[in-house]
Amino acid sequence: MAEVLVYVDHVDGAVRKPTLELLTLARRIGEPVAVHLGAGADTAAPVLAEHGAVKVLTADAPEFAEYLVAPKVDALQAAYDAVSPAAVLLPSSAEGKEIGARLAVRIGSGIITDAVDLEAGDEGPVATQSVFAASFTTKSRVSKGTPVITVKPNSAAPEAAPAAGTVEQLAVTIAESSKGTKIVSRTPRESTGRPELTEAAIVVSGGRGVNGAENFPVIEALADSLGAAVGASRAAVDAGWYPHTNQVGQTGKSVSPQLYIAAGISGAIQHRAGMQTSKTIVAINKDSEAPIFDLVDYGVVGDLFDVVPALTEEVKSRKG
Amino acid sequence: MSLRIVVCVKYVPDATGDRHFAEDLTVDRDDVDGLLSELDEYAVEQALQIKEASDDDAEITVLTVGPEDANDALRKALSMGADKAVHVEDDDLHGTDALGTSLVLAKAIEKTGYDLVVCGMASTDGTMGVLPALLAERLGVPQVTQLSEVSVADGKVTGRRDGDTASEQLEAALPAVVSVTDQSGEARYPSFKGIMAAKKKPVESLDLDDLDIDADEVGLEGAWTKVEDAAERPARTAGTIVTDEGEGAKQLAEFLAGQKFI
């Protein structure tokens, strides 16, 4: 069976959920071979094996942390040369897309980004994408070279499928030309203890109707009762009420959770572009004419400052 | 001329319009108005700020690949303050994908001459966000991408990249490819004077022959990817909408419990 390279997204060996989803999708088109770059391969390998990696190729070098993206492209290319895979899968993060893009140029292959599903086809893997603010669904394939495909988080439920997960060291030579962009300093983002926005199963977002940074705790409390991530509309972010890293929409993050709750968000096209593929959509808004209500599975026309805190209490009491 | 800046821009279908696919499964550009991709306005703005802050003479060339109408995107950038424009236009480019576009842009950038290439973080139609990395790879220069802050001094570009898990301070020697996010700073509106001045600014037109690119390397036939099917997403079935008269939260909780979210 053909091998499929899966680029591992991790923090010091703690494998992030989108990678487990990639392994699950990779099994549909071949045998997953995971590529783990940087520290923590010992921690990551058993998790990768548990989710179907027949092999784990690892390499660690200071250059991965000292320079932007390019050294990792060198390493992934080394893995590509070692394996000759049927496809290369990466997570649709900013970095995943950039690594995939540069690898595609080097190996003369096409790239598809932001796939939401993946299946085997007669002429290679077929990727489903959601385009034009999720108003269209397309099916595409790479027609030249080895398919390089980046996949959005929440595109598949990670499934356990124990495999050998044999760890092998990957010999990597990092080119001088790959040391062009120096990472002078790195400030880790402070953890909020909440799930990562793009990976969360539930997202609760606040918009213009939240009416001030001081009111966002109302949204956060509901999110915490549900174990959800917190999002914000562009209006709320531009007003300085919530950090840009939490912005959901065309110029922010695109999310596709099981449940999306929009509070005080009108539903401008730019916001819809970032959340329209959510499985279940709920909105709470004073304005019964708000376009967000065209999308919802359940909508409450009402003041979010009445409905959201009461809902938080309901959730807490039902969860006991 | 000591600092040559090339800004790559894209003419995109208006996202508030009714976007469609044409029969050949390329983006239908005939039935919807186009405009300069909003995210590219940020790139033009940062290029202008870099020029304004520069001790050297700096010149901004705005570059696009696209059909005749794409000229509108160039005019907008020129009216904001870019100095000149290059328009790569060729019938054989219809249906070119990201890999192909990066090839055309890279050749045009090399032909124009550059110290710094500035791009938006992504287009607002394709939204792939890979073009700056593709360009850096093709040009063989550093990529300094996804910046919320950028500055150029002493032959170096520095900037801040805000990622999911960390914020990084980056630095690279010129020449380099930069991309900026929508957090880099609001784009200016063209002034009346700027709009009038733009009419007189030079727009150079190039085709594939000028760039030594074979037609079979680009276009729909030459694309590295193929769209096999495009289907309009079925409209969502109308959901339940209730008006809160004191029971809204309870009703919503019932719904969420029914869906097994709580």
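Contact here means heavy atoms within 4.5 Å. The structure is a predicted model. On that basis, the surroundings of one arginine can be described. Arg234(A) touches Gln247(A) and Thr251(A), leaving aside residues up to four places away in sequence. Arg234(A) also touches Glu38(B), Tyr42(B), Asp182(B) and Glu186(B). The residue belongs to helix 7 of chain A, which covers residues 234-238. Its C-alpha atom is separated by 8.3 Å from that of Gln270(A). Along the chain, Arg234(A) and Gln270(A) are 36 residues apart.

A pair of helices, one from each chain, was examined next. Helix 9 of chain A spans residues 304-319, and helix 7 of chain B spans residues 248-258. The two pack with their axes 8 Å apart. The angle is about 45 degrees. Angles under 35 degrees count as roughly parallel and those of 65 to 115 as roughly perpendicular. Helix 9 of chain A and helix 7 of chain B are therefore oblique to each other. Their crossing is right-handed. From helix 9 of chain A, the contact is made by Val307(A), Ala310(A), Leu311(A), Glu314(A) and Arg318(A). Helix 7 of chain B supplies Ala249(B), Lys250(B), Leu252(B), Ala253(B), Glu254(B), Leu256(B) and Ala257(B). By class, this contact has 8 nonpolar and 4 charged residues. No polar residues take part.

Internal space was considered last. The count comes to 2 cavities of 30 Å³ or more. The largest cavity holds about 60 Å³ of space. Its lining draws on both chains. Chain A contributes Leu68(A), Ala70(A), Arg102(A), Ser177(A), Ser178(A), Lys179(A), Gly180(A) and Thr181(A). Chain B contributes Val141(B), Pro142(B) and Gln143(B). The lining of the largest cavity divides into 4 nonpolar, 5 polar and 2 charged residues.

The second largest cavity holds about 30 Å³. Its lining consists of Tyr11(B), Val12(B), Pro13(B), Arg29(B), Val32(B), Asp33(B) and Gly34(B). Strand 2 of chain B, residues 11-13, gives the most to this lining, with 3 residues. By class, the lining of the second largest cavity has 4 nonpolar residues, 1 polar and 2 charged.

Conventions: Residues are numbered from 1 along each chain as its sequence is written. Chains are lettered from A and ligands numbered from 1 in the order in which they are written. This is a predicted model: local features need pLDDT of at least 70, side-chain atom pairs count only at pLDDT 80 or more; totals for chains, interfaces and linings use all residues. Side-chain values use heavy atoms; hydrogens and water are left out. On a 1 Å grid over the protein atoms alone, a cavity is a set of points where a 1.4 Å probe fits but cannot get out, and a pocket is an open set with protein on both sides within 12 Å along at least five of seven lines; lining residues have an atom within 4 Å of a point. Grid points are joined across faces, edges and corners, and a volume is the space filled by probe spheres set on the points. Ala, Val, Leu, Ile, Met, Phe, Trp, Tyr, Cys and Pro count as nonpolar, Asp, Glu, Lys and Arg as charged, and the others, Gly among them, as polar. Helices (H or I, at least four residues) and strands (E, at least two) are DSSP runs, numbered from the N terminus. Axes are lines fitted to C-alpha atoms, for helices over the stretch in contact, and angles run from 0 to 180 degrees between N-to-C directions. Angles under 35 degrees count as roughly parallel, over 145 as roughly antiparallel, 65 to 115 as roughly perpendicular and the rest as oblique. A crossing is left-handed if the near helix is turned anticlockwise from the far one by less than a right angle, and right-handed if clockwise.
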